[in-house]
Amino acid sequence: MSAEQAKLRVQNLLKKREDLENEIVSGRQGLRKLGVGMKEALVDKQGFPRADVDVHTIRILRNKIIRLQTDFQLVSTEIEEAMLGYHKHLKAAASTVQTTQSSTSEKRKTQLRKNVKKEILEEHERLMRGNPKMDRAAALQMAIESVKAARRKGGNGRTGVEGAERSGEEEKREENEEKKDLASLYGHLKPFLNVQKVWDGSPSKRAGLRADDLILKFGSVVQASQQGLKELVMHSRNTKVEVIVLR
């Protein structure tokens with residue numbers, strides 16, 4: 001599977017999970033209209049079906065929601081595995097680029113050494129022609145110093161600091177590539193709520209949310225009021241929900 005295929009699989013699974021979550025929310029809303037939730041008893045104290053609610057329809061809706069929740073959990077697991085696979089592709093691609101860059105860098109260094117050696121020999125010959133009686137070892141040392149000075153003046157040399165900066169630039173380039181790939185998955189989302197406070201010990205705190213985080217997506221919801229989101233959170237208790245934030 002290629003990186004593009006892995007990315008497409010993630011996107012398809014995210015869409016599938018979003019559809020499932022919409023169906024779950026719709027089913028819960030249907031139960032509320034019938035005056036019950038998922039846990040209320042459907043028989044009276046004598047053990048007879050309640051006469052004040054549509055027991056048959058409620059049971060059908062509850063069974064459907066349970067099935068959808070199971071499918072939701074399975075798809076969530078698939079998404080985690082697909083995301084891991086996708087990021088492995090990204091890292092492999094980045095590693096290939098880095099290897100290519102390292103190879104190119106080595107070629108440049110090899111060529112630089114050849115050029116320096118050639119320049120030193122040429123300068124050495126020039127010095128010996130100008131003064132045949134000069135000690136050859138002394139002339140060689142003078143040639144080396146002369147070439148070094150000329151390269152420093154001309155800016156052809158590369159310092160260790162430049163090498164460190166280059167390494168930092170490569171890391172930034174790799175990080176930017178990963179951000180671009182994430183943006184291609186989630187770049188269409190816009191913030192719709194701001195996290196004002198995160199209470200210690202709360203599920204939000206344990207999940208890693210912080211004050212001033214901007215909510216881009218809560219489950220399948222990408223647009224909601226504070227009250228609407230609060231209601232969704234209440235109905236998502238003990239359920240794993242994907243939350244995407246802008247920080």
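Q: Which residue takes a positive phi just after H1?

A: This is a predicted model, so let's walk along it from its N-terminal helix. H1 covers residues 3–33. Just after H1 comes a residue with a phi of about 85°, and that residue is Gly35.

Q: How far apart are the end C-alpha atoms of helix H1, and why does that agree with its 31 residues?

A: The expected span takes 1.5 Å times one less than the number of residues. For the 31 residues of H1 that comes to 45 Å. The value in the model agrees, because the end C-alpha atoms of H1 are apart by 45 Å.

Q: In which order do the elements of the protein chain run from the N terminus on?

A: Happily, this one is quick to trace. The protein chain has 6 helices and 3 strands. From the N terminus on, the order is α-α-α-α-β-α-β-α-β.

Q: Which element gives the largest share of the largest nonpolar core?

A: The largest nonpolar core has 22 residues, and Val10, Leu31, Ile58 and Ile79 have the most contacts inside it. Two elements, H1 and helix H2 (55–130), give two or more residues to this core. The largest share, 12 residues, comes from H2.

Q: Which residues beyond four places in sequence is Leu31 in contact with?

A: Leu31 is among the residues with the most contacts inside the largest core, so it is a good one to zoom in on. Leaving aside neighbours within four places in sequence, the contacts of Leu31 are Val36, Gly37, Met38, Ile58, Leu61, Arg62 and Ile65.

Q: Is Val198 buried or exposed, and at what relative accessible area?

A: Val198 lies in the loop between strand E1 (193–194) and helix H5 (203–207). Beyond four places in sequence, Val198 is in contact with Ser204, Lys205, Leu209, Arg210 and Ala211. Buried means under 20%, so Val198 counts as buried, with a relative accessible area of 14%.

Q: What lies under the charged end of Lys197, and how far away is the ring centre?

A: Lys197 places its charged end over a ring. The ring belongs to Trp199, and its centre is at 4.7 Å.

Q: How far apart in space are Val198 and Asp213, C-alpha to C-alpha?

A: Asp213 has its place in the loop between H5 and strand E2 (214–218). In sequence, Val198 and Asp213 are 15 residues apart. In space, C-alpha to C-alpha, they are apart by 9.9 Å.

Q: Which of the two, buried or exposed, describes Asp212, and which describes Asp213?

A: Asp212 also has its place in the loop between H5 and E2, and its phi is near 80°, a positive value in a residue other than glycine. Exposed means over 50% and buried under 20%. At 55% relative accessibility Asp212 counts as exposed, while Asp213, at 2%, counts as buried.

Q: Which element of the protein chain has the lowest mean pLDDT?

A: Over the protein chain the mean pLDDT is 76, and 71% of the residues reach 70 or more. H1 has the highest mean among the elements, 88. At the other end, with a mean of 53, is helix H4 (residues 160–186).

Q: How many contacts beyond four places in sequence does the model have for residues 156–166?

A: Over residues 156–166, pLDDT stays under 50. Where pLDDT is low, the predicted coordinates should not be read in detail. With that friendly caution, the number of contacts the model has for this stretch is 5.

Terms used:
Residues are numbered from 1 along each chain as its sequence is written. This is a predicted model: local features need pLDDT of at least 70, side-chain atom pairs count only at pLDDT 80 or more; totals for chains, interfaces and linings use all residues. Side-chain values use heavy atoms; hydrogens and water are left out. Helices (H or I, at least four residues) and strands (E, at least two) are DSSP runs, numbered from the N terminus. A charge sits over a ring if NZ of Lys or CZ of Arg is within 6 Å of the ring centre and within 35 degrees of the ring normal. Buried means under 20% relative accessible area, exposed over 50%, partly exposed in between (1.4 Å probe, protein chains only). Contact means heavy atoms within 4.5 Å. pLDDT is the predictor's confidence in each residue, from 0 to 100. A nonpolar core is a set of buried Ala, Val, Leu, Ile, Met, Phe, Trp, Tyr and Cys residues joined through side-chain atoms within 4.5 Å.
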